[in-house]
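Subject: Structure handover

Hello,

Here is the structure for you to look through. My notes follow below it.

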Amino acid sequence: MESSLGLGRLELTPSSGAGGVSLTPRLSGGHPAKDKCGQLPLGPQVQAHLNGCVPLSHQVAGHKYGVDTVGILQHPDGTVLKQLQPPPRGPREKQFYSMVYAEDCCDPCLLQLQNHLPKYYGTWSSPDSPNDLYLKLEDVTRRFVKPCIMDVKLGQRSYDPFASQEKREQQIRKYPLMEEIGFLVLGMRVYKMCSDTFDSYDQHYGRGLAKDTIKDGLAKFFHNGVSLRKDAVSASIRRVQCILRWFESQQQLAFYASSLLFVYEGLPSSSSSSSLSGRCGEGKVRQEGARPGEEVAEYNNNNIQVPVPWDYSLSTIYTNHRKGGHHLWKDEDGEREGRGRREAEEELKGRGGNATEGGGGDTEVEVRMIDFAHVFPSESHDHGYIYGLKNLLTVLEQILCDAA
Ligand SMILES: Nc1ncnc2c1ncn2[C@@H]1O[C@H](COP(=O)(O)OP(=O)(O)OP(=O)(O)O)[C@@H](O)[C@H]1O
Ligand SMILES: O=P(O)(O)O[C@@H]1[C@H](O)[C@H](O)[C@@H](OP(=O)(O)O)[C@H](OP(=O)(O)O)[C@H]1O
């Protein structure tokens, strides 16, 4: 059985409670906002109301808690809680995760897909508000000390086939180049070595990128103020190639307005353990009894000490858990954590793309698919998404080439 997060072993560092609540989205539009350590201070009233959950401090795009009607929280155990959007989006996304992570899933295509998604821990709701459902997801940034994060929307169309004319026009207006470029940077935060701060870029930054500026625009994500992180570019390319292979192998799902979440470690590997303590109260903690690849629990950028997720009963963390079915469009609550991750990691190792290895191995990078409010059954390749992936790969390769 796969592991789960141990709820009872949470520790918050003292600094996480300081200051007032700021739920204002970061500004940018070409001028990156400075974000010291990427923390979002939280007042005691909000903390109590949310049952210990806090707005996701390192969210770079999407609906924001306290700003939009739905948003994303971080549970004290370190997982990400994505509030279900109003129907049909929220239920559709829930059905998608339930299908991919169904306990009895034996579809090789879906089992493979698990490797490219955050782990799914079922749904969650606060005791104060039991009908307000959240998807409980692995925080993809969790094992990083200074996570540099970028959200890229993929595909040539960011509206689904059932979208109204108004919705289509709204989406096209937002980024008319989607069809041609096949992807859109929705937001990013980049660690700057010298100042120990993050530069944040919001959706306006990405929308300002055209064919002739997309390469430099994307390259900013990999620049730490001193040099281009070529290692992170290369590792990202390998990850995206794996995802492309999956898309080329399947003809049963079509993704609209879905994203890739890129994460790499902002701290250079040579400075890892020695320079961690004392920096913003963060430090790596090696847990005893952890298995290779899972033992990198640490103080993450949210200043939450996340325990190693092994040998904890699934039943203690699954809320609203029922055994899942196979079909996305069947209305049932099938939630479980998926299998196949370990197999995938082995596979990635074979391809030289193991992002769970520490120093000496490949650069630590994650590229995961997120945001599945518009996933539909299909009978052909997802040409729009594949087009976007290929163009994204071309641009990433050009970035490397220019730096050579
Ligand atoms: N599993 C995860 N791990 C870490 N961060 C995440 C995870 N899921 C989402 N996020 C953060 O939240 C942001 C928004 O996520 P997501 O796209 O799922 O939300 P959304 O509100 O549906 O977005 P949109 O408004 O574009 O439809 C991401 O850009 C990322 O910063
Ligand atoms: O980037 P912005 O300006 O915030 O625009 C939003 C973004 O395009 C989302 O992807 C979209 O949700 P969907 O992908 O689920 O359609 C949302 O639609 P909405 O306004 O209908 O929520 C837009 O407002």
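How do the residues of the shell around ligand 1 divide into nonpolar, polar and charged? The split is 9 nonpolar, 5 polar and 5 charged. Here Ala, Val, Leu, Ile, Met, Phe, Trp, Tyr, Cys and Pro count as nonpolar, Asp, Glu, Lys and Arg as charged, and the others, Gly among them, as polar.

Some ground rules before the rest. This is a predicted model, where local features need pLDDT of at least 70 and side-chain atom pairs pLDDT 80 or more, while totals for chains, interfaces and linings use all residues. Residues are numbered from 1 along each chain as its sequence is written, chains are lettered from A and ligands numbered from 1 in the order in which they are written, and side-chain values use heavy atoms, leaving out hydrogens and water.

Ligand 1

In total, 19 residues surround ligand 1 (a heavy atom within 4 Å of it). The closest are Val60, His63, Lys82, Glu138 and Asp151. There are polar contacts too (pairs of N or O atoms within 3.5 Å). A polar side-chain atom of Asp371 is 2.9 Å from a ligand 1 oxygen. Val140 offers a backbone N or O atom 3.0 Å from a ligand nitrogen. For Ala61, a backbone N or O atom sits 3.4 Å from a ligand oxygen. Ligand 1 taken alone exposes 620 Å², and the protein buries 92% of that (Shrake-Rupley method, 1.4 Å probe).

Ligand 2

The shell around ligand 2 includes His63, Arg89, Lys153 and His374. It divides into 1 nonpolar, 5 polar and 5 charged residues. Lys167 has a polar side-chain atom 2.7 Å from a ligand 2 oxygen. For Gln171, a side-chain N or O atom is 3.3 Å from a ligand oxygen. His63 places a polar side-chain atom 3.4 Å from an oxygen of ligand 2. Taken alone, ligand 2 exposes 490 Å², of which the protein buries 72%. Helices H4 (165-174) and H6 (203-207) each give two or more residues to this shell. The largest share, 4 residues, comes from H4. Helices (H or I, at least four residues) and strands (E, at least two) are DSSP runs, numbered from the N terminus.

Salt bridges

The structure holds 14 salt bridges (a Lys or Arg side-chain nitrogen within 4 Å of an Asp or Glu carboxyl oxygen). In one of them, Lys82 pairs with Glu93, with the closest N and O atoms 2.9 Å apart. Lys82 lies in strand S5 (residues 80-83) and Glu93 in helix H2 (residues 89-100), so the pair ties together parts 11 residues apart in sequence. Both Lys82 and Glu93 are buried (under 20% relative accessible area; exposed is over 50%, partly exposed in between; 1.4 Å probe, protein chains only).

Arg368 bridges to Glu138 at 3.0 Å between the closest N and O atoms. That pair links distant parts of the chain, 230 residues apart: Arg368 is in strand S14 (residues 365-370), and Glu138 is in the loop between strands S7 (129-137) and S8 (147-154). Arg368 is buried at 4% relative accessible area, and Glu138 is buried at 16%. Both belong to a network of salt bridges with Arg143, Glu364 and Glu366.

Asp196 and Lys146 also meet in a salt bridge (3.1 Å, N to O). Lys146 is buried, at 1% relative accessible area. Asp196 counts as buried too, at 13%.

Best wishes

Note on methods: A polar contact is a pair of N or O atoms within 3.5 Å; within protein, one must be able to donate a hydrogen and the other to accept it, and residues adjacent in sequence count only if both atoms are side-chain atoms.
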